[in-house]
Amino acid sequence: MNIEHRTALPLASAAGCSCCSPAGHAPKTAAAVAHSPGASSRREFALEGLTCGHCVKTVEAAVAALDGVDSASVDLVPGGRSRLTVAGAASEQAVRTAVTTAGYSLAAH
């Protein structure tokens, strides 16, 4: 697995976030999709609804655990579109399922 050095993110925002709230893990809204055409080994997806480092780690861990994924990383944009970059041979459907299982979703192209 490829590990990149990035700025440490807080595990929860000061204002709180839906993934860490005591109310439980409410469904997060996420829209996606920026697909790099012709790049079979590296693809990008746009996510909405990620609010903190915990959200990032949850998505990265779920996608990185897939067979065929060499690396998965999320560039967090709280309150905006975050970018999920996946390197490897895992299918888009497998990535979609992993993200959904983590509590997020990807929209169709």
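Start by selecting C55, which counts as buried at 0% relative accessibility; buried means under 20% relative accessible area, exposed means over 50%, and partly exposed lies in between, using a 1.4 Å probe and protein chains only. Next, pick C52, buried as well, with a relative accessible area of 1%. If you are looking for disulfides, the structure holds zero, where a disulfide is a pair of cysteine sulfur atoms within 2.5 Å.

A word on what you have open: this is a predicted model, in which local features need pLDDT of at least 70 and side-chain atom pairs count only at pLDDT 80 or more, while totals for chains, interfaces and linings use all residues. Residues are numbered from 1 along each chain as its sequence is written, and side-chain values use heavy atoms, with hydrogens and water left out.

**The sheet**

Switch to a cartoon view and find the open sheet of three strands, ordered β1-β3-β2 with antiparallel pairing. Strands (E, at least two residues) and helices (H or I, at least four residues) are DSSP runs numbered from the N terminus, and two strands pair if DSSP finds at least two bridges between them. Select 42-48 for β1 and 69-75 for β2: these are the edge strands, each with a single partner, so one side of each has no neighbour in the sheet. On average, neighbouring strands here are turned by 20° against each other, direction ignored.

Now add residues 81-88, which form β3; seven bridges join this strand to β1, and the two run antiparallel. To follow the pairing, label R43, which stands opposite V86 in β3, and then E48, whose bridge partner in β3 is R81. Colour β1 by accessibility and you will find the strand mostly covered, with five of its seven residues buried.

**The helices**

Show residues 53-64, helix α1, which lies across β1, β2 and β3 and runs at about 165° to β2. Angles run from 0 to 180 degrees between N-to-C directions, with axes fitted as lines to C-alpha atoms, for helices over the stretch in contact. Then show helix α2, residues 92-101, which packs on the sheet and touches β1 and β3, its direction making about 30° with that of β1; contact means heavy atoms within 4.5 Å.

Stay on α2 and display side chains for R96 and E92, which meet in a salt bridge at 3.1 Å, N to O. A salt bridge here is a side-chain nitrogen of Lys or Arg within 4 Å of a carboxyl oxygen of Asp or Glu. The two residues are four apart in the helix, so about one helical turn separates them. R96 counts as buried at 18% relative accessibility, and E92 does too, at 19%.

**The charged network**

How many salt bridges does a search of the whole structure find? The search finds four. For the last stop, select R42, E44, D75 and R83, which are linked in a network of salt bridges. E44 pairs with R42, their closest N and O atoms being 3.4 Å apart, and R42 is partly exposed with a relative accessible area of 44%. E44 also forms a salt bridge with R83, with the closest N and O atoms 4.0 Å apart. That pair links distant parts of the chain, E44 in β1 and R83 in β3, 39 residues apart. R83 is partly exposed, with a relative accessible area of 39%.
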